[in-house]
Amino acid sequence: MATTEDEKHEIIIPSELPMLAVRDVVVFPNMVLPLFVGRETSVLAIEAALAQDRLIFLATQKDQSVENPEAEDIYSVGTVSLILRMLKLPDGRLKILVQGKSKAMVKEYVKERPYFLVAMEVLPETTITEISPEAEALMRNAREMSEKILTLKGIMSPDLLAILESIEDPGHLADLVAANLRLKIDEAQMVLEEMDPIRSLIKVNDFLRKEMEVSAIQAKIQNQAREEMDRTQREYFLREQLRAIKKELGDLDETTKEMEEYRLKIAQARMPKQAEEDALKQLSRLEQMHPDAAEASIVRTYLDWLVSLPWSKSTRDKLEVKEAKIILDEDHFNLEKVKDRVLEYLSVRKLNKKMKGPILCFVGPPGVGKTSLGQSIARAMGRKFVRISLGGMRDEAEIRGHRRTYIGALPGRIIQGVKNAGSNNPVFILDEVDKIGMDFRGDPAAALLEVLDPEQNHSFSDHYLNVPFDLSRVMFITTANLVDPIPSALRDRMEVIRLAGYTEDEKLAIVLRHLLPRQLTENGLRSQDFKISTEVIRRVIMNYTLEAGLRNLEREIGSLCRKVARRIAEGEKGPFAITGGNLHLYLGPPRFLPDGEVENEVGVATGLAWTQVGGETLAVEASLMKGKGQLTMTGQLGDVMKESGQAALSYARARAERLNLAPDFYEKLDIHIHVPAGATPKDGPSAGVTMATALISALTQIPVRRDVAMTGEITLRGKVLPIGGLKEKAIAALRARVKKVIIPAANKKDLVEIPKNVKRRIKFVAVADMDEVLNEALMRSPFKESKKTGTPVGRLTTPPSRPVV
């Protein structure tokens, strides 16, 4: 057992005591303070102390955010304290009043559950019998600085001064000052753990010096604010006196009231300094005008716009990444790349509050969910949502606004959208950015350069406002079907994210999760009234729609629901089942059927094309006729595809001997290459291998495999060049029930972007030259075998120094 002397009575401190871990405060000896106790372990520790001699050991947590601290989370040096009072609160917590008695150190944790019980050692206090000049100087300095700090803060009183003067022990003075100085936890703990009174007082003096500097600066700031407030109050008092005089004289009319309202709104809008100065200047002009003057209405409209803009209003972002992911998954199926980008932005925004808004550009076919994805992003982030369409926009003033000199002038669509949102950080969708026009009125795409540049849009200048407006907190998202029409300077400012079309399985999942429930609700149907199987939905997808997106599919589902709703309205009893046998009664005969040519044919090859509405399969036909070597290509082909046909013929002529063809075969034949659907213009650099395969099939009379599709451009040497849009083309091949797709070897890296269910159902073969294409696409190899090596003669072991012609 250890003992210590108190001024009034002796307190016996046992060697083991319950311990209470406290937060936000370090308790010093002789310090009296209230504590609120809510943790279960802490409540049990208090009850154990009250059941014995009301003594408890108080130690401070190292990390205040830890809810259930362990032994290593608590400082080992603390204060043995006496519980003076205890009060139970209605919410179950305890309020206790404690008085610090003596410093102590934890020697061992006897137990940690259900509360901390520690074995401790009371730390003896060093008593100074004779005050040295150094100690006297330190004590005087501590008293004087404490008095100055309390005076600066306006909380100095004679009682506090008397307490400071009455303490003669350096250690007690250091503890008293440190307890009332509001030090940081680690700094206060340093003072508590210091057993030497002189060193403890030196540390306290250092902290007092820092606090003195901070308090002096704080008092200076408060004085400046008070002087500014006094000046503002004086102006307000004089203005109110002037208003009262005018009222007594009968001069206070509606115009004066209107001016006062504008002045109040300008103050409440919290504009930047430049905008506020311009608003007050225009208000001063308005006060000098006659109320019926023509320019007065223009100034009023301008002031209305200025005071209604959200200069300082913003919504608080929801930065919980997991919650945002749940919302995005609820609204959209798949689209993982876009969701990951949004979640990355939220994660960085959580770590860096001053991060500028990203500029995203969603590129994809119609109906894949570009605009609705923006709505989901706004909902996930807790922001307002604004959308404007740029399609067909030709006037630069639609972006920047009209100058106020014109009659009926208004701000541009950007400022209008921000005003309608009511916050300066909405999610702003700019739809159809690839369809902006241009004429004598200016180029809207050039005006967007400032809007979509994070380094410039913090001071966006609208022609109507003529003052900078900060757009850097706005999250701009543009949408487009194609990237090519977007000017390069504008495209460089955006992060392009491509959205390919959906596979059959993805469409099925989206119908079951989103489209069907929405159509049932919109058409007033219950789920028990309408029955449809997944197999029938697949038939609707394959036989009644042919698209990368979902719009036509939703229309067909809506058509089924409307026809069932009509039957119910006419009094028929349900439920109504849509089956494969009666589907044509609801939607008519199938509009899209699988290709009827199921046999392997000579001269017909299947290619893959990319269009702005997704990928498509393309049949290429080649026919031979007696003639004089003329090459005819039909099907509304562009110049690039015609050149691909010429390259295919040149490749066949160069390989004539190895393909077992007569050297002069082209002189006695006319060749006709045709791409069906002649009403549709076609062009692009990826049809070369398909044309060459169809042509060589016709020349060698070897059939082409019907379950093989291909894409790629060829050179005169037969090399296969890389292409773009592989994901869209792969999805088109899946829709066409293709089992093997031949792709250029350089595109093998792009297979990581192909959905897993597509790669499970389609075999992708990467090829480097045309010889490999023919071996994969034709029913048998067209090349003669070498007698010596047994290898195809058509495959060159070393490339020639120049094209074979």
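About 140 Å³ of space lies in the largest cavity of this structure, which is a predicted model. A search of the whole structure finds 3 cavities of 30 Å³ or more. This briefing takes up the largest cavity and then two pairs of packed helices, one formed by α2 and α4 and the other by α10 and α12.

**The largest cavity**

- The lining of the largest cavity is made up of 14 residues, and those lying nearest its centre are K103, E125, G171, D175 and M195.
- Sorted by class, the residues of this lining comprise 5 nonpolar, 4 polar and 5 charged.
- Two helices, α4 (170–180) and α6 (197–249), each supply at least two residues of the lining of the largest cavity, and α4 gives the most, with 3 residues.

**Helices α2 and α4**

- Helix α4, which contributes to the cavity lining, also packs with helix α2 (residues 133–152), and the axes of α2 and α4 come within 11 Å and cross at roughly 25°.
- Because angles under 35 degrees count as roughly parallel, α2 is described as roughly parallel to α4.
- The crossing of these two helices, α2 and α4, is left-handed.
- On the α2 side the residues in contact are M139, A142, R143 and S146, which meet P170, L173 and V177 on the α4 side.
- Taken by class, this contact between α2 and α4 has 5 nonpolar, 1 polar and 1 charged residues.

**Helices α10 and α12**

- Helix α10 (residues 321–331) and helix α12 (residues 370–381) pack with their axes 9 Å apart, at an angle of about 150°.
- Since angles over 145 degrees count as roughly antiparallel, α10 and α12 are therefore roughly antiparallel to each other.
- The crossing of α10 and α12 is right-handed.
- From α10, the residues A324, I327, L328, E330 and D331 meet S376, I377, R379 and A380 from α12.
- The class make-up of this contact between α10 and α12 is 5 nonpolar, 1 polar and 3 charged residues.

**Reading the two helix pairs**

- Two packed helices are described by the angle between their axes and by the distance between those axes.
- For α2 and α4 these values are roughly 25° and within 11 Å, while for α10 and α12 they are about 150° and 9 Å.
- The handedness of the crossing is left-handed for α2 and α4, whereas the crossing of α10 and α12 is right-handed.

How values were computed:
Residues numbered from 1 in each chain as written. Predicted model: local features only at pLDDT ≥ 70, side-chain atom pairs only at ≥ 80, totals over all residues. Heavy atoms only, no water. 1 Å grid on protein atoms, 1.4 Å probe; cavity = no way out; pocket = protein on both sides within 12 Å on 5 of 7 lines; lining within 4 Å. Points joined across faces, edges and corners; volume = space filled by probe spheres on them. Helix = DSSP H or I, 4+ residues; strand = E, 2+ residues; numbered from the N terminus. Nonpolar A, V, L, I, M, F, W, Y, C, P; charged D, E, K, R; others polar. Axes fitted to C-alpha atoms, helices over the stretch in contact; angles between N-to-C directions. Parallel < 35°, antiparallel > 145°, perpendicular 65-115°, else oblique. Left-handed = near helix turned anticlockwise from the far one by under 90°. Contact = heavy atoms within 4.5 Å.
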